[in-house]
Amino acid sequence: MKDVHFGKLIGYGTERRCYENLDNSQTCLKVSKLSACTQTQREIKYFKLLTKRGIHPNFLPKFYGSFTLKDQIGFEQEYLRSTDTLRAVTLKQYILEASQEQFLKIEYLLENIKQEMIRFNVIVSDMRTGNTLLLVDNQQKINRIVFVDGFGSPEFIPLPIYCPFFGRMKIKRQWKKFMKKYQAEKAFRLEQLRH
């Protein structure tokens with residue numbers, strides 16, 4: 001069992017909590033109770049599979065391993081946050097301040113991510129603008145787009161993970177839902193810009 005030292009709570013969902021890591025300021029700790037850890041177990045298994053396959057896409061946070069405590073299970077991953085040179089902002093927040101030109105750039109970067117997902121069969125099941133983090137530099141250039149939740153495939157038999165044909169179908173289906181939400185939020189912002 002690994003020694004884990006939890007810092008400040010930085011986020012939480014229905015199943016788990018996310019804490020700063022007191023042993024490494026560059027990582028955070030995502031933890032679930034053993035009594036309710038389906039998502040966490042799935043994501044740990046998926047990150048280990050990607051690592052075994054040598055797949056480390058820039059649009060996912062880096063994974064540093066898992067741990068089990070007395071009544072909890074969790075994993076350590078890259079802690080994405082604002083620094084002196086980069087601002088971390090959700091895509092949802094960024095859309096509220098984006099210009100026409102910035103939308104073109106976002107869409108170009110998103111299309112590249114979609115193609116990379118398909119090429120390497122990387123499944124993100126919970127793509128939402130609120131779960132998508134942008135790292136933006138002081139010149140307003142987007143350095144990186146990262147999905148921060150919903151890794152892997154929640155099916156009982158996760159065929160999309162192991163069979164690229166089903167993976168491609170799932171990625172395209174998830175992407176279509178994601179872009180529908182994105183386009184609705186973008187339309188609202190463009191309407192604001194016209195007034």
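Reader: How far apart are the end C-alpha atoms of helix α5 (residues 164-194)?
Author: This is a predicted model, in which local features need pLDDT of at least 70 and side-chain atom pairs count only at pLDDT 80 or more, while totals for chains, interfaces and linings use all residues. Residues are numbered from 1 along each chain as its sequence is written, and side-chain values use heavy atoms, with hydrogens and water left out. Helices (H or I, at least four residues) and strands (E, at least two) are DSSP runs, numbered from the N terminus. The 31 residues of α5 should span 45 Å at 1.5 Å a residue (the expected span is 1.5 Å times one less than the number of residues), which agrees with the end-to-end distance of 43 Å.

Reader: Is α3 roughly parallel or antiparallel to α5?
Author: The two helices pack with their axes, lines fitted to C-alpha atoms over the stretch in contact, 11 Å apart and at an angle of about 175°. Angles run from 0 to 180 degrees between N-to-C directions, and those under 35 degrees count as roughly parallel, over 145 as roughly antiparallel, 65 to 115 as roughly perpendicular and the rest as oblique. Therefore α3 is, relative to α5, roughly antiparallel.

Reader: Which strands are the edge strands of the open sheet of five strands?
Author: The sheet has the order β1-β2-β3-β5-β4, with antiparallel pairing, where two strands pair if DSSP finds at least two bridges between them. Within it, β3 (residues 27-33) and β5 (residues 72-78) pair over seven bridges. The strands that pair on one side only, and so form the edges by that definition of pairing, are β1 (6-12) and β4 (63-68).
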